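Got the viewer open? Here is a short walk through the model, one selection at a time.

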Amino acid sequence: MNRPRPLPTLLRYATMSLIAAILLTPIYWLIISSFRPADEIFRFAGTFSLETLVPRRLTLDNYAQIFASSFPRSLFNSLFVAAATVALGVFVNSMAGFAFAVFDFPLKTPLFIAVLLSFMMPFETIVIPLYTLMRTLNWTDTYAALILPEVAGGLIIFLFRQFFAGIPKEIYEAARIDGASWWQIYLRMTLPLSGPTIATASLMMFIHQWDAFFWPLVATSSADLAVVQVAIARNMTLEQANWGALFASASTAVLVAAVPFFLLQRYYVRTVVSGGDK
Amino acid sequence: MLREKAWIPYAFLAPALLGLLLFRFAPILIALGGSLFSQSIRGDTLFVGLKNYHELFEDPAFWAVIRTTLVFNLIINPFQILCALGLALLARRPTRFVEIFRASFLLPMTVSIALTSIIWSIMLDPTLGPVNGFLRWIGAPAQPFFRSADQALGTLIMVATWKGAGYWMVFLLAGLLAIPEQLNESAAIDGATAWQRFRYVTLPLMKRPLAFVLVADTAANFLLFAPVYIVTNGGPAGATHLLMFEAYQSAFAYLNHGRSLAISSIILAIVIAIALMELRLFRQPEEAER
């Protein structure tokens, strides 16, 4: 194990490089093609050559085109829905995590099991009955329908609970003796200590909402409320001729999710892994 | 743990519990309840008991959907886990540049399922797509992929694996990194081959992360919807008509809400059974410590 053997090492790196190439080429091709003139996007695709991967001319025309269309509206919808979900979700879920981590109360175990069950049951499971509920409440085709169902999340409650459980109880007792209310303790002591957990939870909620497709497709039908994923999918099926706009909008949507993920990748992987382990 | 006025913990829990109750647990009851009703042509709702389920089980089209969904899951789950395990084993040792490879294995998981569908339907387009351009370049015949009833389901599996393998790798990699390096080294000193070390040292210690990934991956794949909706529309000839798409079609194409909620209830029963298995996996370590 300690002696580096050249052949297996070479083989291992060759395999990893090949896999990375297969995994990354579609994303690379999508993004690089979004900068090609619209009539050149497929010109070098049908027959493979260096120009399939390296564009001959670069242009921002496709981006200029989507920003003059209804795409900015979808971009706003997605960003607004995701930001509102994160803002509400950080408070709602951290409060619940705080209660589970700090207090002892009857019903604690059954309620916590309910929280665990809710995150093991993927959201897609209940999309259709949730639509029935929203239709009864007359909430379909509203921002509330896109935001509210995603605010409380079992996984996020669980992440906050795991982090809060590691804070020593003595500091709470000391604060109680000094006359602080539990609300003040939560708001002024616990939350300010939880920067990395808040960052991870926010990122997870943001990407989850940014990527959401099935629920927004079902919950909204008007074009004014279409989020980015739904708008792009509708363009794909309706007007396939406009490839330049499709490539530019898809690239934008990929980058908005990928960039923050990679900035916070270490936190994310660590939290998911330790959360899944405990 | 601190004991306080009885209502305080509930006050902190209230907003989250209200959200979960309304948007996670109430829909379960709505699915079960609504599946017992049917809407007449005039639009009024009638209690029909188990009629919706009865009609489903009498319907050969529904059994074809069940069959496709089962075949899809029986292939994709082991396949994705093998790919994820392979990636985790490759990226296990922290040698030079491994961080870069780990990151590139993860990149596809950041592409949403809707965009994954769109990117690959372009990549694999029989006439325009660069994949067939590449195949012709290496001298292989061009393939129809999503356009052929024989290849569509397999193509769907490959595309879903492109996105999923890196995600499940994270959990398996964490499991691998938790295995003490000395175990492998002492086995190597005792003359165990690489395969023997994997089979008798690594694999037994990976049981829990593997079981977790199997259960969670199965739940996720049972609910696959976006690629079917965006790319194949269930076809060609029903080859990719999965259960979730049938639930969607029942509600929004056939406008048969009772049928759609009956399918949702069946999906719920499957996923809750999977979640309960998952819950057991989470609790096992505590029991083992006692």
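Start by selecting helix α6 of chain B, residues 130–137. Color it by burial and look at P130(B), V131(B) and N132(B): these three are buried. Bear in mind as you click around that this is a predicted model. Now step past the end of the helix to G139(B), which follows α6(B) and has a positive phi, near 90°.

Next, stay on chain B but bring chain A into view. How many residues of chain B are in contact with chain A? Select them and you should get 73, touching 71 residues of chain A. To see where the largest share of the chain B side comes from, highlight helix α1 of chain B, residues 7–34, which supplies 16 residues. Then recolor that side of chain B by residue class: 57 residues are nonpolar, ten are polar and six are charged.

Hide chain B and zoom out on chain A. In cartoon view you'll find 15 helices and zero strands. Its C-alpha atoms fill a box of roughly 75 × 65 × 30 Å along the principal axes. The radius of gyration of chain A is 24 Å, whereas a compact globule of 278 residues would come out near 19 Å. Switch on burial coloring again, and 44% of the 278 residues of chain A count as buried. If you have a contact map to hand, take the chain A contacts with a separation of 6 or more: 79% of them join residues 24 or more positions apart.

Now for a helix pair. Select α8 of chain A (residues 154–165) together with α11 of chain A (residues 195–211); they pack at an angle of about 170°, with axes 10 Å apart. Since an angle over 145 degrees counts as roughly antiparallel, that is the label for α8(A) against α11(A).

Show side chains where the two meet. From α8(A), pick I156(A), L159(A), F160(A) and F163(A); across from them in α11(A) are T197(A), T200(A), A201(A), M204(A) and M205(A). What classes do the residues of this contact fall into? Seven are nonpolar, two are polar and none are charged. The spacing along each helix is worth a look too: an α-helix has 3.6 residues a turn, so residues three or four places apart point the same way.

Last stop: α11(A) alone. Is this helix mostly covered or mostly open? Mostly covered, with 13 of its 17 residues buried. Finish with a distance between its end C-alpha atoms: you'll get 24 Å, which agrees with the 24 Å that 17 residues should span at 1.5 Å a residue.

Notes. Residues are numbered from 1 along each chain as its sequence is written. Chains are lettered from A and ligands numbered from 1 in the order in which they are written. This is a predicted model: local features need pLDDT of at least 70, side-chain atom pairs count only at pLDDT 80 or more; totals for chains, interfaces and linings use all residues. Two residues are in contact if their C-beta atoms, placed from the backbone, lie within 7 Å. Helices (H or I, at least four residues) and strands (E, at least two) are DSSP runs, numbered from the N terminus. Ala, Val, Leu, Ile, Met, Phe, Trp, Tyr, Cys and Pro count as nonpolar, Asp, Glu, Lys and Arg as charged, and the others, Gly among them, as polar. A residue is buried if 20 or more other C-beta atoms lie within 10 Å of its own, exposed if 12 or fewer, and partly exposed in between; C-beta atoms are placed from the backbone. The radius of gyration is taken over C-alpha atoms; the globule rule is 2.2 Å times the number of residues to the power 0.38. Axes are lines fitted to C-alpha atoms, for helices over the stretch in contact, and angles run from 0 to 180 degrees between N-to-C directions. Angles under 35 degrees count as roughly parallel, over 145 as roughly antiparallel, 65 to 115 as roughly perpendicular and the rest as oblique. The expected span of a helix is 1.5 Å times one less than its number of residues.
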